[in-house]
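Work through the exercises below with the model open beside you. Try each task before reading its solution.

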Amino acid sequence: MPHDTPLIATIVAGLGLAFVFGALANRFRIPPLVGYLVAGVLVGPNTPGFVADAGLANELAEIGVILLMFGVGLHFSLKDLLSVRAIAVPGAVVQIGFATLLGVGLAWLLGWSLGAGLVFGLALSVASTVVLLRAMQERRLIETERGRIAVGWLIVEDLAMVLALVLLPALAGVLGGQPQADDHASLLSLPASYGIWGVVGMTLAKVAAFVVVMLVVGRRVIPWILHYVAHTGSRELFRLSVLAIALGVAFGAAKLFGVSLALGAFFAGMIMSESELSHRAAEESLPLRDAFSVLFFVSVGMLFDPFSLVSNGLPILATLAIIVIGKSLAAFVIVIAFRYPIATALMISASLAQIGEFSFILAELGVGLKLLPEQGRDLILAGAILSILLNPLMFLIVDWMKPWLEKRAGKAPEEVKPIGPATEPGQVASVAPAPEKEDGPPPRTTQTGHSILIGYGRVGSLVGAALKEAALPFLVIEDADKTLAKLKADGIETVAGNAANQEVFSAANPEGAKRLILAIPNAFEAGQVVLRARAANPGISVIARAHSDAEVEHLKSLGADTVVMGEREIARGIVEVVTGKATVPVEPAIEVKSQPA
């Protein structure tokens, strides 16, 4: 076995240090991604000690971007994207134009050429896919109206950057740079002899061809492959098929159609979402998505030179101001102009207040074409690092500003109700807009002595039916739109949203409730609700579900009275059918206290 193993060394050093510093960051209540960036700085070429292979790290990070966009595509449909096109397309275009103008202005102050300013401004205008999606996922916003707008905005930015990447080599000579030699190894590189409009036309034609192939061929082939592999009964082959489809479509899209890897992966996930096996596909790809997205942040940290903060202090601050303040203000004004509520405008502003992977690609291309000076690349890298570090703080500022701005604006505009994720594995969240409601906390129920049922999936619906049959008063906290519509049609009182949210849970009147029933499968989220319930009403009876002994202990330690482990109940039912009587003893997995009826 060879002793020189740069790939293994890069993965081990990257993931190992990311774990150490991510855990330290979490210990001090700092977002873990800050620790990942610090790990990258330590293994980068600008600090002493071990230096990881930057080229390998970037390729590993690209895999993370592919898998992340593939996962997002699994939760989207074409209808989702079309539903936000009215704001995503003009919003992204105007914001890119405004940020580019700011970049050109800063470049002029620094004495750069117009071509350098254009490349610099474009690099500052596009948000990082990984950072935006991680922020959305952490706040459970991916499947909300706000999340769909942000992702649609991101897709438009992605397409604009693909166009920029093929136009810059053709325009390099006109802009004062050095034209790039024709490269026919990839269809992404088009000969400058086609002319500007020829390059634009060919690029748009190839993107359109890719979309048509995915909608016509992929729509039939991808679900068929998934179902065929699923019927083999091999989980290993199913997991392999999911990864092969995600990576294969992304790579093929880049090589054959000139579409970015991330965009190709997104379309692969969106087509796969039409299969009934899409939820299982999302679960199988999740561990790799998390691991490789961590390597993305490590690779970004490797590019950063801490000493540049001293040598380029003022230009870096100006660059950061364009990214964090200029882009955010532009996005905020655009969203408000489209008559969306303040909360939506603030969230989109915060999510776009950073730059990432496309910015690095543009910077490298600009330097290679002799358009952008190396100082410009350094400013872009510093701006990316600092904006990623500040992004969690932006969301905190948004949360602080929201009540103040809404008070200044008077009555909040109406907003399409967020469409939440499914509460059960295999359940597909709704994609249809819900009735409009005010952008504020849900109204508080007038019920007392009632049961609060969290989640109305396969388990929750059975519990709800039993409560209704027994004429016991209850209400349901749920965030899946189709489920909410059905509950309202059945005359069952609902509170829309995530029960872990303080305002949502308070609307269910936990102080006056008799019992809390947690039918959601996520024990960690359920634990947060248990803590809120105990704080509001120490005497409330709490019943929860779990899938393992560890989850049982976790929920009981937080104050749950009764925890039912599903697997044990399944075993009990099977034994009762086989033997005709219950023989599975009640073990500590279920602890039932005497409760009033």
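The exercises go from the whole chain to its helices, cores, ring pairs and salt bridges.

This is a predicted model: local features need pLDDT of at least 70, side-chain atom pairs count only at pLDDT 80 or more, and totals for chains, interfaces and linings use all residues. Residues are numbered from 1 along each chain as its sequence is written, and side-chain values use heavy atoms, with hydrogens and water left out.

**Exercise 1. Describe the chain as a whole.**

Step 1. Take the secondary structure. Helices (H or I, at least four residues) and strands (E, at least two) are DSSP runs, numbered from the N terminus. The chain has 23 helices and eight strands.

Step 2. Take burial. Buried means under 20% relative accessible area, exposed over 50%, and partly exposed in between (1.4 Å probe, protein chains only). Of the 597 residues, 53% count as buried.

Step 3. Take the contacts, meaning heavy atoms within 4.5 Å. Among contacts with a separation of 6 or more, 74% join residues 24 or more positions apart.

**Exercise 2. Check the spans of helix 5 and helix 14, then inspect what follows each.**

Step 1. Set the rule. The expected span is 1.5 Å times one less than the number of residues.

Step 2. Apply the rule to helix 5 (residues 85-109). Its 25 residues should span 36 Å, and the end C-alpha atoms are 36 Å apart, so the values agree.

Step 3. Look at burial in helix 5. Its buried residues include I87, G91, Q95, T100 and L106.

Step 4. Move past the end. G111 follows helix 5 and has a positive phi, near 85 degrees.

Step 5. Repeat for helix 14 (residues 313-337). The 25 residues should span 36 Å; the end C-alpha atoms lie 35 Å apart, which agrees.

Step 6. Look for a bend, the angle between axes fitted to the seven residues ending at a residue and the seven starting there. Helix 14 bends by about 30 degrees at I322.

Step 7. Check the next stretch. R339, just after helix 14, takes a positive phi of about 65 degrees.

**Exercise 3. Map the nonpolar cores.**

Step 1. Define a core: buried Ala, Val, Leu, Ile, Met, Phe, Trp, Tyr and Cys residues joined through side-chain atoms within 4.5 Å.

Step 2. Which residues have the most contacts inside the largest core? They are W153, F266, F297 and L372, in a core of 137 residues.

Step 3. Find the main contributor. Helix 8 (residues 145-171) gives the largest share of this core, 14 residues.

Step 4. Turn to the second core. This separate core has 28 residues, including I454, V530, A533 and V542.

Step 5. Return to L372. Leaving aside neighbours within four places in sequence, its contacts include W112, F120, V367, R377 and I380.

**Exercise 4. Classify two aromatic pairs.**

Step 1. Set the rule. Rings of Phe, Tyr and Trp (its six-membered ring) pair if their centres lie within 6.5 Å; planes under 30 degrees apart are stacked, over 60 edge-to-face, and the rest tilted. The count is seven aromatic pairs.

Step 2. Take F210 and F267. Their ring centres are 5.5 Å apart and their planes meet at 80 degrees, so the pair is edge-to-face.

Step 3. Place this pair. F210 lies in helix 9 (residues 196-232) and F267 in helix 11 (residues 261-272), so the pair ties together parts 57 residues apart in sequence. Both F210 and F267 are buried.

Step 4. Take W224 and Y228. This pair is stacked, at 5.7 Å centre to centre with 15 degrees between the planes. The two are four residues apart in helix 9, about one helical turn. W224 is exposed at 57% relative accessibility, and Y228 is exposed at 53%.

Step 5. Find the cluster. Ring pairs link F210, F257, F266 and F267.

**Exercise 5. Compare the settings of three salt bridges.**

Step 1. Set the rule: a side-chain nitrogen of Lys or Arg within 4 Å of a carboxyl oxygen of Asp or Glu. The whole structure has six salt bridges.

Step 2. Take K486 and D490, bridged at 3.2 Å, N to O. K486 is exposed at 54% relative accessibility; D490 is partly exposed at 37%.

Step 3. Take E553 and K556, bridged at 3.9 Å. They sit three residues apart in helix 22 (residues 549-557), about one helical turn. E553 is partly exposed at 44%, and K556 is partly exposed at 22%.

Step 4. Take E569 and R572, with the closest N and O atoms 3.3 Å apart. They are three residues apart in helix 23 (residues 566-579), about one helical turn. E569 is partly exposed at 30%, whereas R572 is buried at 13%.
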